[in-house]
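Have the sequence and the 3D view open side by side. We'll take a walk through the fold, one neighbourhood at a time.

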Amino acid sequence: MDPRAHDRPIRLDVDRLAIPGVIGVRARASLSFGGALHVALGPDAGFPEFQQLDDWKSDLSLVDARALAPQLRAEAGIQLPEERLAEIEALDREMAALDVPPLSDPREIDALSLSRCARLHALDAAQRRVLEARGAPFWVAGYTRHSDTLWAHRIGGSAPFQAWVSRHDTECRAAEAAGEPPGWMGRARFFDLCRTLWADRALRALTGGAVSEPALLFGRRCAARWDCGEMVEDEIARAGLDAAAAMAAGAEEVTLPLHGPARRARMRAFEMQVWSIHPLDAPSEGPWPTRPINVPAEDVWVPVEG
């Protein structure tokens, strides 16, 4: 879909370009494994982030709540943000009819409007128990800095699985396959970009694109109930939509509001080794329960002055 087809050009009111569900320059404070500033595109881009992944010692459960039957959502206590927004709007109309000021909190409306743009819902323990009992599919993804291990598990559904990957092995494979940097980017910055991107690329490869690093960080922020800030509609957002459309059309260089020019860099495909048990639980001698998974090539746009 053309990014400009979104209903309203709204963005986070922050000092980086962040249009939820369309485009976002990653927050420097939340980058992991490297420090290469880059642009995220697509449905998980442009959201607030929380606690860089390389500092984690835990995981998070995520579900596509809109794919669940309404009865199951009700049983699990999962309310879609658009449902809550409809309740608030109805109550405000009732107050207006009585000539009474609205009771709604603008901060709650902003938070719900933001969550409405997100694909995935972060589950609490009680919600997860209900979905497990009903065999409904959801994801568990996480990282631990103690063993430098990333994992993504599909729970329930018709094809559950568990998968772990080693940071050092996967990061090295990505760097070895990277080839030469584009002419405008130095080698040190290019390989820092490879290190910064490996976990996001691995998560998307493991889950068929269902879970990404930005989605995981936004889910963590929602689960922690941190304020997600305010939304604004302005010319910066409109220019950001135009930049996202140019990127989707394959432009080599675009101008990003708040950041200036950004250029495209090619990340080559590579093959990573995936464990079906935690690597620390593997037998000391083979055969080890591993299988190869291909991480596809992709383009990433990088601010020139990043």
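The buried residues of helix 5 pack against four partners: strand 7 (138-144), strand 9 (161-166), helix 6 (187-206) and strand 13 (270-275). Keep in mind that you're looking at a predicted model. Which residues of helix 5 (residues 167-177) are buried? They are Arg 167, Thr 170, Glu 171 and Ala 174. These residues sit on the same side of helix 5, because they cover an arc of only 100° around its axis.

Now look at the two ends of helix 5. At the N-terminal end, Ser 166 acts as a cap, with a side-chain oxygen 3.4 Å from the backbone nitrogen of His 168. Just past the helix, you'll find Gly 179 with a positive phi of about 75°.

Next, the inside of the protein. In soluble globular proteins, nonpolar side chains tend to be buried together. Here, the largest nonpolar core has 31 residues, and Leu 53, Leu 150, Trp 198, Leu 206, Leu 216 and Met 272 are the ones with the most contacts inside it. Plenty of elements chip in: among those supplying at least two residues each are strand 5 (57-63), strand 8 (149-155), helix 7 (213-223) and strand 14 (290-295). Which helix gives the most to this core? That's helix 6, with 6 residues. There's also a second, separate core of 18 residues, which includes Leu 68, Ile 78, Leu 131 and Val 140.

Zoom in on Met 272 for a moment. Setting aside residues up to four places away in sequence, Met 272 touches a list of residues that includes Val 165, Thr 170, Ala 202, Leu 206, Pro 292 and Ile 293. You've already met Thr 170 as one of the buried residues of helix 5.

Let's finish with helix 6 and helix 7. How do their axes meet? They come within 8 Å and cross at roughly 90°, so helix 6 and helix 7 are roughly perpendicular to each other. On the helix 6 side, the contact is made by Thr 196, Ala 199, Asp 200 and Leu 203, while helix 7 brings Glu 213, Pro 214 and Leu 216.

In the loop between these two helices you'll spot Ser 212. Is Ser 212 buried or exposed? With a relative accessible area of 4%, Ser 212 is buried. Its side chain makes a polar contact of 2.7 Å with the side chain of Asp 44. Leaving aside neighbours within four places in sequence, Ser 212 is in contact with Asp 44, Asp 200, Leu 203 and Arg 204.

Methods: Residues are numbered from 1 along each chain as its sequence is written. This is a predicted model: local features need pLDDT of at least 70, side-chain atom pairs count only at pLDDT 80 or more; totals for chains, interfaces and linings use all residues. Side-chain values use heavy atoms; hydrogens and water are left out. Buried means under 20% relative accessible area, exposed over 50%, partly exposed in between (1.4 Å probe, protein chains only). The arc is that of the directions from the helix axis to the C-beta atoms. Contact means heavy atoms within 4.5 Å. A polar contact is a pair of N or O atoms within 3.5 Å; within protein, one must be able to donate a hydrogen and the other to accept it, and residues adjacent in sequence count only if both atoms are side-chain atoms. A nonpolar core is a set of buried Ala, Val, Leu, Ile, Met, Phe, Trp, Tyr and Cys residues joined through side-chain atoms within 4.5 Å. Axes are lines fitted to C-alpha atoms, for helices over the stretch in contact, and angles run from 0 to 180 degrees between N-to-C directions. Angles under 35 degrees count as roughly parallel, over 145 as roughly antiparallel, 65 to 115 as roughly perpendicular and the rest as oblique.
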